[in-house]
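Welcome to a short set of exercises with worked solutions. Open the model, keep the sequence at hand, and try each task before you read on.

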Amino acid sequence: MAGHFGIQEVFRGDNPVVDIVAVHGLNGDPIQTWTTKKTGKFWLADEEMLPKNLSNARILSFGYDASITAFFGRTSSDTILQHAHTLVAELVADRQLEGAMNRPIVFLCHSLGGIGVKRALAYSASRTSKLIQHLHSIFVSTYAILSLGTPHQGSDKANLASTGRKIIDAMVPSIVFDTDGQLLEALKEGSETLQNITDMFAPLMKNFRIYFFWEQEKTDFGTTRKYVVKEHSAAPILDNTERAGLPYDHSNMCKFESRTAPGYRLVVAALMTYTLNAPSTISQRWVSATEMLRVKRSTEAAELMQ
């Protein structure tokens, strides 16, 4: 698994105009999360699938330690922040080497991967000091986020903890749970972390095109079938956002067998639209951001002279 950490380029089109960045969730993998179980179809890189629709894109997948403790342990706040820092640093380094610091970004997230992306963008948005302003580039360059089954909100902390438990049951079915309440407490603490990140991201949402997708099939837990992340949490009804259901359970909603698979055209059409519209918008945003940083540096210099 460690060999799958970091940014991987899975497809490069000719003269790419956008970076599509896929981010997996709990117990995920940068390749297997997006690969069908029966046929091994990795739709992000298969030449007959996404690359055929987005021949002018570069498709990347980010891998990281997505263990249960990363999201729901007692140090989940620190761990998610570390993953956010690493995602931003990896993308900045990759794009520096590509000579493409201003290229638009579209994030494609599954499940709790969307939480990490929100934390990364909040972190990047705040990095405007002179020596680290290159980290601000990820926020400026991000045009859109597609969020598949991410728990964006719970009616309360216990409700979100319940969702977290279902995500663990669905994505790590072989785990043996403790019986003394430690897991429940960790889930509640982790759930508070997830809610805090959502609250932190809320003021930034207006800067991005956002498409929420929810699961339309229940997950089989053996003795019962349940939705892992319910529609209201995965796709909150908010101004200037898009939303749609995908006819899969939580684990399979990010896997497509073919170009005719249910939901494939819905997801890919959104990626195509964002790829078409992103360059002009991000170009203008960079003009504004460059001026903002120039004024900030000028103000700092003037204050030093006083």
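**Exercise 1.** Is Glu291 buried, partly exposed or exposed?

*Solution.* Before you begin, note that this is a predicted model, in which local features need pLDDT of at least 70 and side-chain atom pairs count only at pLDDT 80 or more, while totals for chains, interfaces and linings use all residues. Residues are numbered from 1 along each chain as its sequence is written, and side-chain values use heavy atoms, with hydrogens and water left out.

Step 1: recall the classes: buried is under 20% relative accessible area, exposed is over 50%, and partly exposed is in between (1.4 Å probe, protein chains only).
Step 2: read the value, which is 38% for Glu291, so Glu291 is partly exposed.

**Exercise 2.** Find the salt-bridge partner of Glu291 and place both residues in the fold.

*Solution.* Step 1: apply the criterion, a side-chain nitrogen of Lys or Arg within 4 Å of a carboxyl oxygen of Asp or Glu.
Step 2: the side chain of Arg294 fits, with an N to O distance of 2.7 Å to Glu291.
Step 3: both residues belong to helix 9 (residues 264-305), where they sit three residues apart, about one turn of the helix. Helices here are DSSP runs of H or I with at least four residues, strands are runs of E with at least two, and numbering starts at the N terminus.
Step 4: Arg294 has 47% relative accessibility, so this residue is partly exposed.

**Exercise 3.** Which residue forms a salt bridge with Arg297, and how do the two compare in burial?

*Solution.* Step 1: Glu300 pairs with Arg297 at 2.9 Å, N to O.
Step 2: about one helical turn separates Arg297 and Glu300, because they are three residues apart in helix 9.
Step 3: Arg297 is buried at 16%, whereas Glu300, at 30%, is partly exposed.

**Exercise 4.** How many salt bridges does the structure hold?

*Solution.* Step 1: the total is 15.
Step 2: a network of salt bridges links Glu9, Arg12, Asp19, Arg58, Asp94, Arg95, Glu98 and Arg103.
Step 3: Arg225 and Asp220 also form a salt bridge, at 4.0 Å from N to O.

**Exercise 5.** Describe the surroundings of Thr36.

*Solution.* Step 1: Thr36 lies in the loop between strand 2 (18-23) and helix 1 (50-53).
Step 2: with 7% relative accessibility, Thr36 is buried.
Step 3: leaving out residues up to four places away in sequence, Thr36 touches Lys41, Lys255, Phe256 and Glu257, where contact means heavy atoms within 4.5 Å.
Step 4: a polar atom of the Thr36 side chain lies 2.9 Å from the backbone nitrogen of Lys41.

Methods:
Polar contact = N/O pair within 3.5 Å; in protein donor to acceptor, adjacent residues only side chain to side chain.
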